[in-house]
There are 4 protein chains.
Amino acid sequence: MKVGFIGLGAMGSAMASNLIKAGHEVTVWNRSPGATEPLVSLGAKAVRSADRAAQGEVLFSMLANDQAARDIFFAGDLLSGMDKGTIHVNHATISLALARELAQAHAQHGLEYVAAPVFGRPDVAAAGKLNILAAGKPAVIERVRPLLDAMGSRIWPLGEAPERANVVKIAGNFMLGAAIESMAEASALARAHGVSAADFLEVMTSTLFAAPAYQGYGKLIAEQRYTPAGFALPLGYKDIGLALAAADASRVPLPLAGLLRDSLLEALSAGDENVDWSILAQVAARRAHLDERGL
Amino acid sequence: MKVGFIGLGAMGSAMASNLIKAGHEVTVWNRSPGATEPLVSLGAKAVRSADRAAQGEVLFSMLANDQAARDIFFAGDLLSGMDKGTIHVNHATISLALARELAQAHAQHGLEYVAAPVFGRPDVAAAGKLNILAAGKPAVIERVRPLLDAMGSRIWPLGEAPERANVVKIAGNFMLGAAIESMAEASALARAHGVSAADFLEVMTSTLFAAPAYQGYGKLIAEQRYTPAGFALPLGYKDIGLALAAADASRVPLPLAGLLRDSLLEALSAGDENVDWSILAQVAARRAHLDERGL
Amino acid sequence: MKVGFIGLGAMGSAMASNLIKAGHEVTVWNRSPGATEPLVSLGAKAVRSADRAAQGEVLFSMLANDQAARDIFFAGDLLSGMDKGTIHVNHATISLALARELAQAHAQHGLEYVAAPVFGRPDVAAAGKLNILAAGKPAVIERVRPLLDAMGSRIWPLGEAPERANVVKIAGNFMLGAAIESMAEASALARAHGVSAADFLEVMTSTLFAAPAYQGYGKLIAEQRYTPAGFALPLGYKDIGLALAAADASRVPLPLAGLLRDSLLEALSAGDENVDWSILAQVAARRAHLDERGL
Amino acid sequence: MKVGFIGLGAMGSAMASNLIKAGHEVTVWNRSPGATEPLVSLGAKAVRSADRAAQGEVLFSMLANDQAARDIFFAGDLLSGMDKGTIHVNHATISLALARELAQAHAQHGLEYVAAPVFGRPDVAAAGKLNILAAGKPAVIERVRPLLDAMGSRIWPLGEAPERANVVKIAGNFMLGAAIESMAEASALARAHGVSAADFLEVMTSTLFAAPAYQGYGKLIAEQRYTPAGFALPLGYKDIGLALAAADASRVPLPLAGLLRDSLLEALSAGDENVDWSILAQVAARRAHLDERGL
């Protein structure tokens with residue numbers, strides 16, 4: 001199939017490479033051009049503007065945040081130049097407000113729109129084993145399913161309204177943050193009573209919490225290894241902000257998300273943004289002055 | 001081996017039955033006598049007072065809470081009547097303060113003491129697949145290891161000071177509560193945007209959170225099935241109280257535990273105590289008035 | 001002096017009337033025209049567009065929120081039509097982000113800008129006894145001081161950068177919300193032990209908390225009288241949102257503001273927006289199921 | 001009147017001195033004896049045991065906390081030696097649980113009991129201007145009213161059950177803590193935007209919050225002067241603990257009290273206990289790293 005892919009960060013590049021390997025004809029574009037090279041060497045065609053990547057049957061996008069998406073789709077007016085009936089599969093984690101605006105704009109331009117945020121880190125994306133949430137017209141999802149299958153191990157259809165996939169992604173990332181905060185506080189308590197975070201988390205992540213989310217972040221906390229960032233602190237803060245914005249729009253109190261917001265802000269105010277958001281464990285330890293107390 | 005077991009609730013009975021099945025000579029006692037019958041039919045000997053169950057080489061206890069333990073070990077002066085060198089393996093979830101008092105009292109009476117709280121529900125206990133945390137003298141733990149192996153699939157040695165096992169249990173139960181609150185709030189957010197808790201939690205507990213803690217409680221939340229209680233609300237509240245008491249003693253702020261305390265209190269104030277503590281999902285939904293709004 | 005006043009809600013009307021009574025020549029404009037009539041009867045001149053109200057030496061504005069200000073000053077391009085050197089005194093409670101944008105835009109147009117948010121309800125405004133926070137160039141503030149004196153009992157100069165006055169207003173309204181939440185929770189606790197909110201609050205607001213903020217809202221809580229709204233719930237929610245936005249921009253954790261956000265959201269989710277934000281007392285009582293328990 | 005006074009800390013001494021000055025025959029006792037001397041020089045009679053101070057018509061007590069009261073009234077069995085009909089006026093801030101136990105014990109011994117906690121610091125006590133909360137039999141309160149009038153500017157009768165006075169005191173101290181936290185966070189926000197805590201709090205405590213609670217603590221925060229402690233951090237923490245215990249007993253969620261608990265714990269974990277509880281302002285500033293950022 002002839003497709004385009006725009007937004008070639010660590011995630012987008014890994015996903016696009018799997019489309020190429022699956023035999024599709026992939027045109028790629030990225031704001032900063034260097035990112036296209038490895039994909040070109042795999043067989044992709046690099047183009048100089050986003051609109052040229054949008055001339056295939058399907059356009060995939062994996063942009064960093066709302067602002068990047070607004071710049072390209074609205075300010076850059078990408079949709080006007082696309083052929084009627086083209087399908088846009090948006091993998092980004094964006095706000096529900098933008099999700100609705102995009103769905104509406106695509107409909108107005110006669111384009112098809114599928115919201116398809118993913119769970120999984122770059123290494124999972126490279127292995128083609130993402131969990132892909134998908135919301136949009138069932139027939140449209142069926143048409144792109146072979147493409148999604150090249151990138152993910154499982155597709156989770158979530159209904160027709162695109163924002164349904166986005167809210168699951170947002171609520172899921174909130175749960176990730178909660179899991180980190182929970183390990184952060186519990187480990188501080190264990191440490192204060194002489195049990196190292198490593199010993200404590202080994203028990204927990206081998207038993208009740210033997211799940212990817214806990215094992216991945218638990219390892220970082222046990223080793224106090226917050227760089228390089230697997231998922232950077234400002235991105236985690238942004239995603240909790242998306243949860244709070246969704247909560248605001250739908251009038252749903254989320255006290256745990258509010259707590260996370262403040263813990264993340266406390267970490268951010270320390271000034272270093274190039275750390276993993278599991279740095280929350282350091283925040284919890286600092287609040288208890290564990291280092292100063294030799295605990 | 002000749003051993004005793006006191007405290008025959010759902011957990012204690014299941015654990016004692018595995019000791020019997022493993023061929024040990026087990027004497028059992030419970031405050032309310034009916035609980036001994038099934039074990040007698042398996043081959044246990046029931047006695048009329050706790051001190052007679054404490055005459056073997058090892059005494060196991062699984063009492064409901066601090067008060068029950070204080071009643072029997074301190075007010076009932078059980079320790080004075082035990083032979084020097086007898087080992088007491090205490091499986092209960094108790095406060096760190098009591099853990100320390102018990103360790104000291106056993107030493108004063110020339111008795112050995114092992115703190116051995118467990119992770120696992122009654123069905124896991126019945127299957128002999130508990131995770132058993134164990135803290136005490138290494139040589140003593142080695143002596144009881146065959147007995148523990150009859151009850152658990154894995155023994156986690158946590159050092160010599162008994163309270164070390166208790167703090168891991170307390171911090172672990174706090175993490176369970178946090179996981180429930182996290183699912184409760186995230187599900188309320190998903191529901192408010194048209195995605196059912198069942199659909200949302202199926203995705204999450206099949207992917208990032210594919211762990212026993214999330215799958216077990218996630219199912220209850222998805223089905224809004226809070227009775228019969230797997231882990232009763234007042235017990236969950238008690239355990240968060242143990243975490244807060246430990247935090248108080250060691251000067252460790254635990255904002256997430258404080259948040260859980262209030263959510264559990266909100267559930268308790270509604271009056272029904274015979275519900276699972278995953279009723280927190282109902283609290284989160286009620287705060288957002290989801291039912292009234294038809295969401 | 002020849003001045004204009006735009007934004008004639010309860011506050012703006014009361015303030016403008018005091019300018020008229022002080023002998024100034026006041027031109028008034030409001031989006032919905034009915035509001036100008038009482039002022040015309042006092043001697044004001046009503047005009048049909050905001051730009052005609054902006055032709056005097058000083059323009060006062062008291063618009064409802066960021067959106068209204070953006071509509072008029074930016075979308076409506078009001079500043080382009082004003083004479084160089086005209087002073088704009090902005091009394092509205094707006095975000096710090098907008099405060100900075102407005103300051104910059106005025107400078108670009110050669111206009112003077114004073115941020116002058118106020119503390120005080122409409123009855124205080126009518127009595128000319130507002131507390132007026134003022135930030136801007138000292139010489140400019142001196143020129144408008146006689147006008148401000150007609151509206152307030154005290155002017156609080158807060159330096160040159162306009163946002164300084166806005167942050168004080170925002171932080172102050174956050175303190176108001178905190179005072180309400182504090183009375184709400186404390187009254188629920190008193191009620192649960194047999195002391196009515198009225199009895200409890202009479203003691204507190206006559207002694208340690210004998211201040212306008214506590215006495216005003218305390219009375220509403222004691223009488224459970226949340227309508228008509230003195231300060232409407234959605235406005236309170238908006239203002240806590242301004243505090244959280246300021247906290248976000250400056251990386252300052254505000255856990256108490258986060259708590260307020262969720263309590264206000266809980267009230268808003270119940271559906272009735274025409275209530276005073278002291279409805280937080282009802283939220284606190286409902287969480288404890290006080291009515292159901294006959295407490 | 002012939003009365004006794006036990007518990008001669010800063011508050012008790014000041015209160016007892018006013019009874020002496022009012023012409024009463026006062027017998028005093030304190031655990032550590034030095035405290036009696038200044039009162040003896042005013043005309044009091046010092047005795048060597050609490051029971052000898054309890055031989056007058058009325059016994060006043062102002063003990064530090066629950067433990068001190070339990071030591072003297074229960075472990076020390078003071079009540080057994082008192083004449084039937086003697087009135088005990090207990091000014092201490094104690095738990096509701098102890099309040100009920102004491103009321104019952106007095107009734108069993110044929111003694112009268114009045115709970116009379118006070119609002120006011122030592123300097124207010126010295127001036128005889130305390131606000132005295134009083135709960136007990138109306139006739140008994142009337143009998144001691146002349147004595148209370150010597151110590152306070154106003155007596156607040158709160159009904160017959162003694163715990164009613166205690167819950168008002170506890171809920172009131174919770175409101176004090178909330179006021180401090182509110183000023184702490186709001187001041188951190190102001191500072192981060194260039195307005196000093198002193199400038200910000202001057203506006204607030206002169207206007208909406210012109211009340212003793214805000215002016216007293218506001219001054220300490222503005223000057224960052226946390227020693228000597230007016231109300232020591234551990235006492236504040238204890239009092240929030242009393243509020244949480246009362247909330248636990250009556251099933252009333254108090255999220256703001258939970259937040260205060262954690263902020264106070266964070267301050268306590270830093271190790272210095274000889275500071276005023278308005279040190280919460282330092283905690284709020286540290287969370288935002290204001291000093292490190294030069295804000």
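In this predicted model, strand β1 (residues 2-6) of chain C is joined by five bridges to strand β2 (residues 25-29) of chain C, and the two strands run parallel. Both strands belong to an open sheet of six strands in chain C. A second topic is how chain B and chain D are related: a turn of 180° lays chain B on chain D with an RMSD of 0.1 Å.

**The sheet of chain C**

- The strands of the open sheet follow the order β3-β2-β1-β4-β5-β6, and their pairing is parallel.
- The edges of the sheet are formed by β3 (45-46) and β6 (112-115) of chain C, each of which pairs on one side only.
- Between β1 and β2, one of the bridges can be located by residue: C:K2 has C:E25 in β2(C) as its bridge partner.

**The relation between chains B and D**

- The turn of 180° that lays chain B on chain D comes with a shift of 0.0 Å along the axis.
- The two copies are therefore related as by a two-fold rotation axis.
- Within chain B, the C-alpha nearest this axis belongs to B:G258, at 2.8 Å from it.

**The contact between chains B and D**

- In this interface, 14 residues of chain B are in contact with 14 residues of chain D.
- Helix α12 (residues 255-269) of chain B supplies the largest share of the side of chain B that touches chain D, namely nine residues.
- By character, the residues on that side of chain B comprise eight nonpolar, two polar and four charged.
- The copies meet through the same surface, because 100% of the interface residues of chain B are also interface residues in chain D.

How values were computed:
Residues are numbered from 1 along each chain as its sequence is written. Chains are lettered from A and ligands numbered from 1 in the order in which they are written. This is a predicted model: local features need pLDDT of at least 70, side-chain atom pairs count only at pLDDT 80 or more; totals for chains, interfaces and linings use all residues. Two strands pair if DSSP finds at least two bridges between them. Helices (H or I, at least four residues) and strands (E, at least two) are DSSP runs, numbered from the N terminus. Copies are superposed by least squares on the C-alpha atoms of residues with pLDDT of at least 70 in both. Two residues are in contact if their C-beta atoms, placed from the backbone, lie within 7 Å. Ala, Val, Leu, Ile, Met, Phe, Trp, Tyr, Cys and Pro count as nonpolar, Asp, Glu, Lys and Arg as charged, and the others, Gly among them, as polar.
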